[in-house]
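Reader: I would be grateful for a close account of the cysteines in this chain. Please state the criteria behind each term, and add whatever is available on helix packing and on buried residues.

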Amino acid sequence: MHYSTPVITYYNSMELNFQFYFLCFLLCFIPLLQAQNLQTYIVQLHPHASTRTPFSSKLQWHLSFLENFISSGEDSSSRLLYSYNSAFEGFAALLSENELKALKKSNNVLSVFPERKLEIQTTYSYKFLGLSPTREGTWLKSGFGRGAIIGVLDTGIWPESPCFVDHGMPSIPKKWKGTCQEGQEFNSSSCNRKLIGARYFHIGHMVATMSSISQNFMDEYISPRDSQGHGTHTASTAGGAPVPMASVLGNGAGEARGMAPGSHIAIYKVCWSSGCYSSDILAAMDVAIRDGVDILSLSLGGFPVPLYEDTIAIGSFRAMERGISVICAAGNNGPVQSSVANEAPWISTIGASSLDRKFPAIIQLGNGKYVYGESLYPGKQVHNSRKTIELVYLKDGDNGSEFCLRGSLPRAKVQGKIVVCDRAVNGRAEKGQVVKESGGVAMILANTAVNLEEDSVDVHVLPATLIGFDESIQLQSYMNSTRKPTARIIFGGTVIGKSSAPAVAQFSSRGPSFTDPSILKPDLIAPGVNIIAAWPQNLGPSGLPEDSRRVNFTVLSGTSMACPHVSGIAALLHSIHPKWSPAAIKSALMTTADTTNHRGKPIMDGDTPAGLFAIGAGHVNPGRSDDPGLIYDISANDYITHLCTLGYKYSEIFSITHKNVSCHDVLQKNRGYSLNYPSISVIFKAGKTRNMITRRVTNVGGPNSVYSAEIVAPEGVKVRVKPRRLIFKRANQSLSYRVWFISRKSIGTQRRGIAEGQLMWINSRNKDQKVRSPISVAWASK
C-alpha cells in the first residue's frame, strides 16, 4: 500500500532516526533549557503580516520571524517545535520571559498562548442505540459508514486488535492525503484499508516533561502505537470492525462493533503518560485537516477557557470551515455546574449516559442482609464461595488507609480479609492491587458523598465489588453493629434490560456554558458508562502494570467513551448525506434526540429527572437522526456574527476566525441576532421581561411538507411562535420563524432562576417526525 507523506513541520517530516536524534538532542540540551527557564508558547501570527511575503513557505517565515526575538543568538530551528498551516496561523516555540515580552509587542503577533495540558476524559451499546445489521435503518442506509474517515486524537492505537482488520473494507478514498508514520514497533504495514493513517505528535510533551523524560519514555512507544489503551478503546468505539464472541473475561459477551464499522480510521497520537499538550493537539488538528478527515473525534479536554484562548476551539473552527464535524467530550467534572468543556458552538459537545447492562456483584453480610454492588471480576470462571470472610475498614488519617493507598495497609490487619476502601485519591483498580499486595483476599470499593451512586466498574485483580453511597452507609452501619463483621461477594455475571436507562452519568460535566451561556451545552449525551471496547496487548484489563492478564477488550467509563459513539454516528450521517455541513449533522443529531428512557419515563439524573444542563437536547438516537425532516444550518459567517453579539473584540474574533470583522457594522446589519442553533437558550437580564429569537429551518425531507408548532412553555414564561405552521413546497427550501418569550416573574423573586421547556415542529403527514428544540430560560440578577 502506498502512502504519501506531506511535510507538517520540519521535525515531523523526518524519518524515525531523526526522532531518535531529536530525543538525544533534548536530553543533552535539557540543562541549557532549564538554565534559561524556557517555556513552550503557541504564537499566533497575523496571516497578512508584513514579514510574510519574502518567504516561499510558512516554515521559512516562522523560522525567520522567530530568529528576530531570540536573545541568545541561537539558531531559531533549535527553538521551533511546530510550524502550523491549516488549523492555525503560527508556530509553537520555546521562549524565555524576556523573549516573550518582546514578541508580544510585535504588530505581526495576534496572540500568544502558554502550553496547556489537557487530560483524556463496545459489545452492546450499538444494540442499546437501536442499530441493527439486518433491519432497514441507519446502518444499512449508510453502508455502515462506508467512505467516511474518522480522525481520532488520542493515545494512539494497537493496530493488531481484531477491531481494526480490513476484511470487506472498500479501497482508501482518493481524497485521502495522510500517511502511516513509522516509529517504535510501528511501520507502514501496520495500516490497512480500515486503519488508513497514523501519526504521532510528541514534541510538546517531550519539552514539558524534560526533567523526567527518560522515565516517561521508558514505558511509551515513540510512534502511533498505544501504550495506555485509551485511544485503542475510543477508536474501536467509533469505527471498529465487527468481532464475534467478544467479552471481558466472559462478561459482556457478544459481537463487538463500532458505531460506524464500515468507516475508515485515522489516528493522531497526541496524549502521553503525562497528558495531552495543546501544541501537540493543534499540530495534529493542523495535519488532520489537510489529510482529508470527515470527522474529528477528541476525547480530551480540561476546564473551560475563553474561546479565543482555546486552541481546540480555534483549530476546530478551521475544521468546520472545511466541512469537518468536530466531536468532543464534555468532560468528567460533573456534577459541578458550568464545568462543561469544549463549549464552542461549532463543536458537538457530548456528555455521558448509562446503559441498561449491569454486572452485579452482591455482598451478603453476616447478618443475612444484601448490599448491591457491581464488578467485572472475573467473569464466568468464578466460583461463588458460600463461606463468609471477615470485613475490615481501616481509617488512619495520617497514611490514608481508608483510601487503601500504597503502604497504608498493615499486612497483620488485612491478611485473609475483605478490605473496604473509600473512593478518591488513587485509582479504583490500584486500590485492589494494594489490597492484594497487603494480603487481603477481596475488596469492597465504597462510593463517598462525592460519587453518590455512580457505578463505573473495573476488571479488578482480585475479587472486588463497587457499591454506591447509600449502600456504603448501610455497610458501615452493619460493621459498627458487630465486633467481627463478615461478608461474601456473589458475582452475578451480565444482566441486561433490568434497569432504567439511559440515565445521566454522575461524572458527566454540566452546563451552563461558562464562556457562552447563550448556547445550551452539552449538546447531547451518549453511552459512556461501562463501555466495552478494544484493548492493547501490552496491558492487562485493569490497566495496571502489575496485571499480567491479557485480553482484546476491556471496560472504561467517561465522556471519553461517549464522544466516539457520536463521532461514529456522525460518520454514518456523513455517508448518507455527504453534502451536509457539520452544523446540519449536529442539528440532525440534536433535534431527534430522546428525552425519555427505554421505558418511556424521563431520563434521570440521580433521583430526579435530568435537566437541560445535564443532557442538552437529549440522548442520541441514530435510528431517527438520518431522517430529521428539518435541519438548522449555520455558516462560518453566522458564528462570527454570534461572536460579535458576545462582545468579543476585533483581535479576539480574528484570533478564532482569521477574518477581518467590524462588529459595529455586523451588528448594525443584524439587529436582534440569535445564532441558528438547534437548542434555544434565553437569558432575561435585570429589568428585561421580553426576548425574541429567530430561527431558520431547511426542509431535508420530501416536497409539500407541512410542520406545525407545539410548545411546552417554561414555567413563568409566555411563549409565542410565528408562524405556527411552516409549509415547504420543495426539498431544501428554507423558512424562518420567530419566538417571543415574555417573563411572568419579577427579577426580584426569580434571581438566578432556571426554567425549561421545548418547541417541536411536527410533520402533519408523519406525526412521528418531530423536530425538537429544548428551551432553557434563565433570569440574571445583573
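Author: The cysteines are treated below, followed by one helix pair and one glutamate.

This is a predicted model, in which local features need pLDDT of at least 70 and side-chain atom pairs count only at pLDDT 80 or more, while totals for chains, interfaces and linings use all residues. Residues are numbered from 1 along each chain as its sequence is written, and side-chain values use heavy atoms, with hydrogens and water left out.

A search of the whole structure yields 4 disulfides, a disulfide being a pair of cysteine sulfur atoms within 2.5 Å. With bonded cysteines counted along the chain, the pattern of linkage is 1-2, 3-4, 5-6, 7-8.

One of these bonds is formed by Cys271 and Cys276, with sulfur atoms 2.1 Å apart. The torsion of 105° about the S-S bond gives the link of Cys271 and Cys276 a right-handed sense. Both Cys271 and Cys276 are buried; here buried means under 20% relative accessible area, exposed over 50%, and partly exposed in between, for a 1.4 Å probe and protein chains only.

Another bond connects Cys404 with Cys421, at an S to S distance of 2.0 Å. The link of Cys404 and Cys421 has -85° about the S-S bond and is left-handed. Cys404 belongs to the loop between strand S20 (389–392) and helix H11 (411–414), and Cys421 to strand S21 (residues 418–422), so the pair ties together parts 17 residues apart in sequence. Helices (H or I, at least four residues) and strands (E, at least two) are DSSP runs, numbered from the N terminus. Cys404 and Cys421 are both buried.

Cys644 and Cys663 are also joined by a disulfide, S to S 2.1 Å. Because the torsion about the S-S bond of Cys644 and Cys663 is about -80°, this disulfide is left-handed. The pair links distant parts of the chain, 19 residues apart: Cys644 is in helix H18 (residues 636–645) and Cys663 in helix H20 (residues 663–669). Cys644 and Cys663 are both buried.

Other cysteines can be considered next. Cys563 has Cys328 as its closest cysteine by sulfur position, at 6.2 Å, which is too far for a bond. With a relative accessible area of 0%, Cys563 is buried. Cys163 counts as buried at 3% relative accessibility.

The helix pair comes next. Two packed helices are described by the angle between their axes and the distance between the axes. Helix H14 (residues 559–576) packs against helix H15 (residues 582–591) at an angle of about 115°, with axes 10 Å apart. Axes are lines fitted to C-alpha atoms, for helices over the stretch in contact, and angles run from 0 to 180 degrees between N-to-C directions. H14 and H15 are therefore roughly perpendicular to each other, given that angles under 35 degrees count as roughly parallel, over 145 as roughly antiparallel, 65 to 115 as roughly perpendicular and the rest as oblique. On the H14 side, Val566, Ile569, Ala570, Leu573 and His574 meet Ile585, Ala588 and Leu589 of H15.

Finally, Glu99 is situated in helix H3 (residues 97–104). Its relative accessibility is 2%, so Glu99 counts as buried. Apart from neighbours within four places in sequence, Glu99 is in contact (heavy atoms within 4.5 Å) with Leu38, Phe69, Ile70, Ser71, Ser72, Arg79 and Leu94.
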